[in-house]
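Colleague: Let us go through this model together. I will ask, and you reason from the coordinates.

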Amino acid sequence: MQVYLDNSATTKPYREVVEIMTKYLTENFGNPSSLHAIGVEAERGVKTARKQIANSLGVDEAGVFFTGSGTEGDNTVILGAARKLKSRGNRVITTTVEHPAVLEAFKILEEEGFDVVYVGVDENYKVDTKRLYEAINDDTILISIMHVNNETGAINPIEEIATMKGNAFFHIDAVQSYGKIDIPIKGVDAITISAHKIHGPKGVGAIIFPYISSKSLSSGAGVHYSSNNIYPFIVGGGQEKGFRAGTENVAGIAGFGLAAQMINGKRIENYKKCKLLNDMLREKIFSELKDVRFFSLDNALPYVMSISFLGVKAEVILHMLEQEGVYISTGSACSSNKKNKGSHVLRECGASQDEIDSSIRISFSHTNTEEEILYAFEKIKTVVERFRTLGKFR
């Protein structure tokens with residue numbers, strides 16, 4: 001049996017997504033900027049996807065801009081907004097548990113002389129809103145906070161943060177929450193999402209500006225990126241109305257749009273399914289294994305489970321499970337190749353080095369089954385008990 005439980009890293013594309021992408025690769029393969037019929041068909045595919053994603057969030061399609069990934073979206077918003085708004089102030093704020101796409105961008109801002117503030121988490125592994133409130137001042141121009149943490153599943157109180165942001169530009173990384181739970185829009189200036197986390201293709205993402213509408217643009221609000229208070233990150237041919245140059249990945253965008261429509265159409269049903277699977281696995285682990293620490297709390301997004309099996313190296317668990325057809329991760333796939341392999345997220349959540357070294361991440365999809373979860377648990381139990389026993393005789 002093959003059991004894929006690394007869905008926070010990437011998901012298997014829906015069959016329908018692969019089919020529509022194939023259509024745009026083999027039939028409607030034109031450049032969407034071309035004026036002939038094949039180009040017009042390609043452009044129609046992009047427009048359809050833009051509308052599908054806008055509908056999934058309840059925003060105007062004029063505020064949807066496609067990118068090459070969630071990382072590009074984060075980089076674009078953070079660097080573009082900070083540089084554009086520098087005349088208003090110098091303070092920018094994020095958290096200590098963000099995705100590397102955010103943290104590395106803030107490191108660049110530090111090097112450029114910005115006053116960067118990193119806010120920690122509270123006992124529930126969410127951003128400490130008291131410390132955040134204290135960090136916001138009249139000089140604050142940008143706040144960037146993830147909606148759901150990619151390792152613990154902790155859900156940050158975006159609505160509350162939006163009420164305290166002042167005049168700062170507020171960006172949320174919603175890569176892990178999009179298509180799973182409601183994404184707060186009120187008071188949020190920019191949202192970044194990614195296709196391959198929702199059973200769409202890799203290599204395509206989007207930035208959403210909830211406050212932009214076709215009406216506001218037609219009234220003379222100016223070029224998109226000027227009204228966004230963001231400098232464009234990739235310039236050239238003027239695609240995406242001048243905000244993101246480069247010929248659009250039409251097949252990927254079409255797949256993204258369809259995946260968004262499909263997954264958001266069954267979001268509540270999918271959530272209940274993953275909650276059931278998460279609860280089942282959590283109960284089995286809690287009742288049958290000792291020396292375990294969960295870093296995904298009861299109020300976390302049920303799609304993610306971060307757990308430490310003390311005394312057993314995470315990489316040992318990962319590779320032994322792989323031999324049994326069970327696929328998990330030891331943390332964020334986007335930071336697994338770094339020299340410092342210890343999770344900065346778990347460290348900020350108060351984990352000891354031993355807990356970090358023995359922690360794995362299991363991430364669910366609505367495509368998983370109860371049979372798969374029970375199979376995975378038995379393999380996890382066997383590996384953990386076997387290596388703990390071996391450790392006693394060394």
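Colleague: Is α9 largely enclosed by the rest of the structure or exposed, and how many of its residues are buried?

Modeller: Buried means under 20% relative accessible area, exposed over 50%, and partly exposed in between, with a 1.4 Å probe and protein chains only. Helices (H or I, at least four residues) and strands (E, at least two) are DSSP runs numbered from the N terminus. By that count α9 is largely enclosed by the rest of the structure, because the buried residues number 13 of 16.

Colleague: What are the ground rules for this model?

Modeller: It is a predicted model: local features need pLDDT of at least 70, side-chain atom pairs count only at pLDDT 80 or more, and totals for chains, interfaces and linings use all residues. Residues are numbered from 1 along each chain as its sequence is written, and side-chain values use heavy atoms, with hydrogens and water left out.

Colleague: How far does α9 reach from its first C-alpha to its last?

Modeller: The helix covers residues 250-265, which is 16 residues. The expected span is 1.5 Å times one less than the number of residues. That gives 22 Å for α9, and the model is close to it, at 23 Å.

Colleague: Which element gives the largest share of the largest nonpolar core?

Modeller: A nonpolar core is a set of buried Ala, Val, Leu, Ile, Met, Phe, Trp, Tyr and Cys residues joined through side-chain atoms within 4.5 Å. The largest has 48 residues, and F256 is one of those with the most contacts inside it. The largest share of this core is 8 residues, and they come from α9.

Colleague: Which residues does F256 contact, leaving aside neighbours within four places in sequence?

Modeller: Contact means heavy atoms within 4.5 Å. On that basis the partners of F256 include S194, A195, P201 and G205. Also among them are I53, F66, Y178 and I193.

Colleague: How many residues are in the other core, which lies apart?

Modeller: Its members include V148, L301, Y303 and F377. The core has 35 residues.

Colleague: Why does the pair of F65 and F209 tie together parts that are far apart in sequence?

Modeller: Rings of Phe, Tyr and Trp (its six-membered ring) pair if their centres lie within 6.5 Å; planes under 30 degrees apart are stacked, over 60 edge-to-face, and the rest tilted. The structure holds 7 such pairs; F65 and F209 form an edge-to-face one, at 5.6 Å centre to centre and 75° between the planes. F65 lies in strand β2 and F209 in the loop between β8 and α7, so the parts they join are apart in sequence by 144 residues.

Colleague: Which residues do ring pairs link with F65 into a cluster?

Modeller: Both F65 and F209 are buried. The cluster links F65 with F209, Y211 and F243.

Colleague: Is H199 buried or exposed?

Modeller: H199 is found in the loop between β7 and β8. Its phi is near 70°, a positive value in a residue other than glycine. Relative accessibility is 4%, so H199 counts as buried.

Colleague: And K241, buried or exposed?

Modeller: K241 is found in the loop between α8 and α9. Phi of K241 is near 55°, again positive in a residue other than glycine. With 57% relative accessibility, K241 counts as exposed.
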